[in-house]
Amino acid sequence: MPDPREVELIQRCQKGSGDAFRELFDRYQRRTYWIAHNMLSNYDVAQDISQEAFLRVFRNIGRFDTKKNFYTWLYQIVVNLCIDHMRRASHNRSTDLDEVGGIADERRDPRETTGRTELRARVQKSLDRLPPKYKAVLTLRDIQGFNCEEIAEIVGATNATVRWRLHRARKLFRAAWDGKALEAVRDDEGDELV
Amino acid sequence: MNCEAIRDLIAGGAGGEATDHERIAIESHVAVCVECARDLAEVRGLLGNLALLREGDAPAGIAERIWQGVHAAVPTPRRSTILAWTLRAAALLVLGVSVGYSTTSILRHPTSRPMTTEDSMVDEMKATYVPRPLEVTAGMESAPKSPGPMLEVVPEGSVFQAGTGYYLPKVDQVLDSDEIRF
């Protein structure tokens, strides 16, 4: 059920209030950025994707149905933009170890231990091997902590499909973590894995 | 349930998604199966590692940089007010010009509607029209010499259409005798 305060904020945006849009942006920009970063492991691209997502929200807010959850709509835009980007970039993708840890070079928190940074880098690198739709559900569930109903709204699938993809995504992630070929994981859906 | 089925349940439910029935099945199985218990611990460890990516320290000023990119497309209240007033002024101007043009047209043609292009053409044709006498071919001398009042005398054998001033000549006046077939 949408928060009444947020519904009012969206209605002000629909009437053209720039202040209301800024408030909406402040509420959601952080998580938007991190979803994009988790999926793309590059802070510059994550910044561009976040920016594009908010621009699309702004252009289409007039058509948004306030009976629905705003955040699932916003994150749906973000996830779709990320998946499009991943598909376009899949043939020439390379993983930058500085980026996958989350923060590159001088931006990295100096208090963070090298071991933790390396662990994060390994996690991100394993995640990056997953096909986009599995990466999306794993990011939304196991990194960002959304429940399966929310993820179903965000990815536009049924709850059962989300649970199935999650089950499969975890198996794929485990194979990637262990350095195994993803093709070794049984592929009942006939998905493209590389 | 066998180990393979339990490991499927672990993969799909280790993050808290398992139903009560599934959770009981997993717990009762791992209590007696060392391999599956190890598998469950490993999956939970991996999920814990994934959570490390939830939020790092975002690059400094990232929110403002994103906002700057979005801001250009977002109208400020001042910009939207100026735009609204400009549009209102333009609408009033168009309305004023339309009313002025209509008034001028009515004054030039007071008894009728505003003059159109078609009206102008009709006026011009009236001014330049010169009536021409009707050309009469041989054998049709009885035809009227010029357009005018209805014929007083209808030629014998002609078919006259009352009220129109026109008549049809006899058949033998326009066709040779050998062409007449009935």
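Biologist: How many salt bridges does the rule find across the interface of chain B and chain A?

Modeller: A salt bridge here is a side-chain nitrogen of Lys or Arg within 4 Å of a carboxyl oxygen of Asp or Glu. On that rule, seven turn up across the interface of chain B and chain A. E22(B) and R163(A) form a salt bridge through their side chains, N to O at 3.2 Å. Keep in mind that this is a predicted model, where local features need pLDDT of at least 70 and side-chain atom pairs count only at pLDDT 80 or more, while totals for chains, interfaces and linings use all residues. Residues are numbered from 1 along each chain as its sequence is written, chains are lettered from A in the order in which they are written, and side-chain values use heavy atoms, with hydrogens and water left out.

Biologist: What area do chain B and chain A bury between them?

Modeller: Interface size is often given as the accessible area lost when the parts come together. With a 1.4 Å probe, summed over both parts, chain B and chain A bury about 4,000 Å², 59% of it on carbon and sulfur atoms. On the chain B side, L50(B), L53(B) and I66(B) lose the most area to chain A, together 17% of what that side buries.

Biologist: Which residues' charges lie over ring faces?

Modeller: The test wants NZ of Lys or CZ of Arg within 6 Å of the ring centre and within 35 degrees of the ring normal. R31(A) lies over the face of F146(A), 4.1 Å from the ring centre, and R122(A) over that of W177(A), at 3.7 Å.

Notes: Buried area is the accessible area (1.4 Å probe) that two parts lose on being put together, summed over both.
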